[in-house]
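Me: Could you take a close look at one part of this structure for me? I would like to understand one strand and its surroundings.

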Amino acid sequence: MSLFSKPRVIEKLRTFHKKVKANDGKIGTALRGIDLNHNNKCNFKCKHCFTNSSINEHPNEELPIETIESIADQADELGIFEFDLQGGELLLNSDSLFDVIESIEPVRFYLYLTTNGYFLTEEIAKELAALGVSRVSVSVDSSDPVYHDLFRGCKGAHEKALQALRNVKGAGMDPYLNITVGHYNTFDLNVEELCAYSKKQGYTTLLNAAVPSGCWGNNLNIMLDDADRGQLLELRRHYGNILRDVWNPFNKDFESVLGCNTINRTYITPIGDVLVCPYIHIKIGNIFKNSLREIIDYGFSFDIFRDHSEFCLAGEDKEFVEKYMCFEGMSVFNPKDIKEI
């Protein structure tokens with residue numbers, strides 16, 4: 001469903017834009033999105049999985065539909081305009097996913113889902129579009145099918161992902177090609193080839209910073225450094241269709257930085273824990289115990305998340321990672337309570 005057919009979303013987006021503009025292009029405490037892990041079951045064995053779904057961690061839990069309805073209602077009241085459904089792999093159970101989408105009432109949000117694309121057929125894409133999904137993000141790691149399939153632990157994954165993007169575009173939704181970038185691949189020719197391919201196909205490219213959490217816990221060597229950031233900015237300027245959450249999407253010169261989105265985009269797990277972001281497994285509340293407003297206000301009461309950071313705390317700030325993310329056993333389902341650290 002086109003964003004322009006969702007007046008409530010346009011209204012909330014304009015409010016967000018005004019807050020960012022008034023704050024010198026910085027995100028500040030302007031609320032942006034909800035990342036909801038509905039179910040952590042997955043058919044892939046990705047080496048970098050931040051939720052540990054590749055090692056089958058907590059595959060059966062799901063939030064009740066009435067809880068998701070409540071989260072969506074609260075998010076709408078707070079002016080949140082983005083709603084990202086994640087897994088695991090949500091399309092393992094498409095019927096359940098359709099129920100979740102309907103419960104959120106997509107007309108109120110720029111609603112999208114992130115998928116590996118393996119099950120995203122033409123028919124599924126049409127159903128998602130009919131339900132009001134605005135965008136589908138499909139993860140692709142390389143222009144080399146062999147590398148991608150090995151990295152994802154599933155033969156044929158690359159071909160399925162590219163076909164999924166074509167299906168998304170054909171159904172009239174926004175196709176996003178997601179690439180995880182870190183120190184290990186930023187200058188790799190395969191990444192630029194993917195960016196060129198995405199541009200040619202009329203997709204948007206979303207760059208996600210590799211993070212030392214989940215299956216890559218404590219692996220600081222994968223984090224972006226200054227040279228890597230410079231390369232990503234060059235790609236941004238050259239192709240124009242490339243986004244990162246920390247970049248300002250309203251800046252036509254492709255230069256300004258919005259800032260780290262911790263708390264601005266909270267992450268909710270299948271057991272109701274609310275984390276400061278998908279990649280930082282620090283808990284600030286639980287949706288069964290407190291309202292979303294109370295949890296977000298509590299999160300912003302901590303300077304480290306309220307203060308502006310031009311870097312992604314999880315993927316670029318090594319000092320932050322060493323201090324707050326390197327605890328034994330820390331995960332989406334075993335987060336550190338912020339009061340403990």
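What follows is a walk through strand β2 and the sheet around it.

Reply: Happy to! Please keep in mind that this is a predicted model. Strand β2 covers residues 82–86, and 5 of its 5 residues are buried, so the strand is largely enclosed by the rest of the structure. In a regular strand, side chains alternate between the two faces of the sheet. Here E82, D84 and Q86 point one way from β2, while F83 and L85 point the other way. Both groups are buried.

Now for the neighbours. Strand β1, residues 33–37, pairs with β2 in the parallel sense, over 5 bridges. Within this pairing, N37 stands opposite Q86 of β2, and Q86 is on the side of the strand to which E82 and D84 also point.

Stepping back, β2 belongs to an open sheet of 11 strands with mixed pairing, in the order β7-β6-β5-β4-β3-β2-β1-β8-β9-β10-β11. At the edges stand β7 (242–243) and β11 (336–337), each with a single partner strand, so one side of each is left without a neighbour in the sheet. An antiparallel pairing is found between β9 (residues 273–275) and β10 (residues 282–286), which share 3 bridges; there V274 stands opposite G285 of β10.

Finally, a look at the surface. D95, D99, E102 and E127 form a negative patch there. Helix α3, residues 94–104, gives the most to this patch, with 3 residues, and E102 is located in that helix.

Conventions: Residues numbered from 1 in each chain as written. Predicted model: local features only at pLDDT ≥ 70, side-chain atom pairs only at ≥ 80, totals over all residues. Heavy atoms only, no water. Patch = residues over 30% accessible without salt bridge, like charges linked within 9 Å, V, L, I, M, F, W, Y side chains within 5 Å. Areas by Shrake-Rupley, 256 points an atom, 1.4 Å probe, with all protein chains shown as cover. Salt bridge = Lys/Arg side-chain N within 4 Å of Asp/Glu carboxyl O. Lys, Arg positive; Asp, Glu negative; His and termini not counted. Charge placed at Lys NZ, Arg CZ, Asp CG, Glu CD. Helix = DSSP H or I, 4+ residues; strand = E, 2+ residues; numbered from the N terminus. Buried < 20%, exposed > 50% of the residue type's maximum accessible area, 1.4 Å probe, protein only. Pairing = 2+ DSSP bridges.
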